[in-house]
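Here is a briefing on one protein model and its two ligands. Keep the structure open while you read.

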Amino acid sequence: MTDLVTFGETMALFAARRTGPLRFARDFDLGLGGAESNVAIGVSRLGHDVTWVGRVGDDEFGELIASTLRAERVDARAIPDPDAPTGLMIKGRRTADLIDVRYYRKDSAGSRLSPADLDPALIAGARALHVSAITPALSPSARAAVRHAIDAARAAGVLVSLDVNYRKALWTREEAGAWLRSVIADVDVVFATEDEARLIADTDDPDDPVALAKALGPRHVLLKFGARGAMELSDDQVRHAEPYKVTEVDPVGAGDAFAAGWLADWLAGADPDRRLRTACAAGAFAVTSQGDWESLPRRADLDLLRPTSEGVSR
Ligand SMILES: Nc1ncnc2c1ncn2[C@@H]1O[C@H](COP(=O)(O)OP(=O)(O)O)[C@@H](O)[C@H]1O
Ligand SMILES: O=C(O)C(=O)C[C@H](O)[C@H](O)COP(=O)(O)O
């Protein structure tokens, strides 16, 4: 039995070590990145059993992904695909605070995920399913896999969580909006930035976060405002969360961390105020180091941050 099932594409990640145009980068840190595996690691570190499913190439990067996730205690069902390579993500630093992410993932192993890769019994045995709207943008078979997984979760009464994670390199706003509107009624929890929420919501006041959240529809709506914190609309009640004070080194991965924190506390049965604080703390931790997931917190770390922290722990 697992608490959370998630699936998607995880890529080998090359992060340039120095700032400037990528062609002058010279050296890179090799790691991995993928929205859903970032969430899987985050939820695992916060104490729950997580299963991640995805296709990887039958290559060194596929090994890197499987072994890293397993080291993070994620039950990684990394399906080796003999016919396609692991996708790549290249992270450049054009300036000290301008990160430029490029994908080399067309026809990758991860994009070849299909409904047959996702066992409905695995999903039915979990308490929550987490998907992102990156997967449906990868290929028709990956899109069908998301629908299949959501249907399996709904049939079994398993919580369905969706992170909008709009990636303009993969599809247009119109394509993403149409797909999102086709699934939103089957979603229990949605994570979005305000701009992402506007892909789905039809409201007269798209600049009002509360109106936007109400127009989305799911039982739990989480709107993320970056360094300004977040808002939750759950069961008609609105909660605002102050951000935690950290020095931002790399903003990539904050949204995945936030989703991980929220889901971990939902699984733990935490009260809604605490759940939202955990989500914000996890998001804050994520921006403190270069990697997409390396600085994600364990439970004991959560108390280290305070909204008004002076940065000293005694
Ligand atoms: N610089 C920051 N300082 C403190 N918390 C942050 C910072 N950036 C992000 N967070 C936290 O992480 C959450 C998600 O980040 P955000 O950038 O809004 O999402 P995404 O990565 O999906 O665009 C925010 O709602 C906030 O709680
Ligand atoms: O899987 C993909 O396509 C990715 O882009 C992987 C990224 O590492 C994360 O998804 C970060 O996303 P945020 O948490 O929204 O900053």
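Which residues are the closest to ligand 1? They are Lys-224, Gly-226, Gly-229, Glu-248 and Gly-255, out of 17 residues that surround this ligand. Keep in mind that the model is predicted. The points below take the ligands in turn, then some helices, then single residues.

**The annotated domain**

- An unreviewed UniProt entry lists residues 1-297 as "domain: Carbohydrate kinase PfkB".
- This span is 34% helix and 26% strand.
- The C-alpha atoms at its two ends lie 24 Å apart.

**Ligand 1**

- The side chain of Lys-224 has an N or O atom 2.8 Å from an oxygen atom of ligand 1.
- Glu-248 also uses its side chain: an N or O atom there is 2.7 Å from a nitrogen atom of ligand 1.
- Gly-255 takes part through its backbone, where a polar atom is 3.0 Å from an oxygen atom of the ligand.
- On its own, ligand 1 exposes 550 Å², and the protein buries 86% of that.

**A look at Gly-255**

- Where does Gly-255 sit? Its place is in helix H8, which covers residues 254-268.
- Gly-255 has a relative accessible area of 21%, so it counts as partly exposed. The cut-off explains this: buried means under 20%.
- Gly-255 touches Asp-163 and Lys-224, leaving out residues up to four places away in sequence. Lys-224 is also among the residues closest to ligand 1.
- Phe-191 is 64 residues from Gly-255 along the chain, yet their C-alpha atoms are separated by 8.1 Å.

**Ligand 2**

- Ligand 2 is surrounded by 16 residues. The closest are Tyr-103, Arg-105, Arg-167, Gly-253 and Asp-292.
- Tyr-103 places a polar side-chain atom 2.7 Å from an oxygen atom of ligand 2.
- Arg-167 places a polar side-chain atom 2.8 Å from an oxygen atom of the ligand.
- Asp-256 contributes a polar backbone atom, 2.9 Å from an oxygen atom of ligand 2.
- Ligand 2 has 410 Å² of accessible area on its own, and the protein covers 90% of it.

**Helix H2**

- Why should helix H2 span 16 Å? It has twelve residues, 60-71, and the expected span follows from 1.5 Å a residue. The rule multiplies 1.5 Å by one less than the number of residues.
- The end C-alpha atoms of H2 are indeed 16 Å apart, so the model agrees with the expected span.
- Gly-62, Ile-65, Ala-66, Thr-68 and Leu-69 are the buried residues of H2.
- These buried residues pack against four strands and one helix: S2 (11-16), S3 (28-33), S4 (50-57), S5 (75-81) and helix H1 (35-45).
- Arg-73 follows H2 and has a positive phi, near 65°.

**Helix H5**

- Which residues of helix H5 (173-183) are buried? They are Ala-176, Gly-177, Trp-179, Leu-180 and Val-183.
- The buried residues of H5 pack against helix H4 (140-156), strand S9 (159-163) and helix H6 (194-200).

**Two buried polar residues**

- Ser-111 lies in the loop between strand S7 (98-104) and helix H3 (120-124).
- Ser-111 has 5% relative accessibility, so it counts as buried.
- A polar atom of the Ser-111 side chain lies 2.7 Å from the backbone oxygen of Ser-108.
- Beyond its neighbours within four places in sequence, Ser-111 contacts Glu-9, Arg-105, Leu-138, Ser-139, Ser-141 and Ala-142. Arg-105 is also among the residues closest to ligand 2.
- Arg-55 is part of strand S4.
- At 17% relative accessibility, Arg-55 is buried too.
- The Arg-55 side chain reaches the backbone oxygen of Arg-112 at 3.5 Å.
- Outside its neighbours within four places in sequence, Arg-55 is in contact with residues including Ile-79, Asp-81, Ala-109 and Asp-117.

**Positive phi in loops**

- Arg-26 is in the loop between S2 and S3. Its phi is near 70°, a positive value in a residue other than glycine.
- Is Arg-26 buried or exposed? Its relative accessibility is 60%, so it counts as exposed.
- Asp-235 has a positive phi as well, near 50°. This residue lies in the loop between strand S12 (230-234) and strand S13 (237-241).

How values were computed
Residues are numbered from 1 along each chain as its sequence is written. Chains are lettered from A and ligands numbered from 1 in the order in which they are written. This is a predicted model: local features need pLDDT of at least 70, side-chain atom pairs count only at pLDDT 80 or more; totals for chains, interfaces and linings use all residues. Side-chain values use heavy atoms; hydrogens and water are left out. Buried means under 20% relative accessible area, exposed over 50%, partly exposed in between (1.4 Å probe, protein chains only). Contact means heavy atoms within 4.5 Å. A residue is near a molecule or strand if one of its heavy atoms lies within 4 Å of it. A polar contact is a pair of N or O atoms within 3.5 Å; within protein, one must be able to donate a hydrogen and the other to accept it, and residues adjacent in sequence count only if both atoms are side-chain atoms. Accessible areas come from the Shrake-Rupley method with a 1.4 Å probe; for residues, only the protein chains shown count as cover. UniProt positions are given in the numbering used here, feature names are shortened, and annotations may be inferred rather than shown by experiment.
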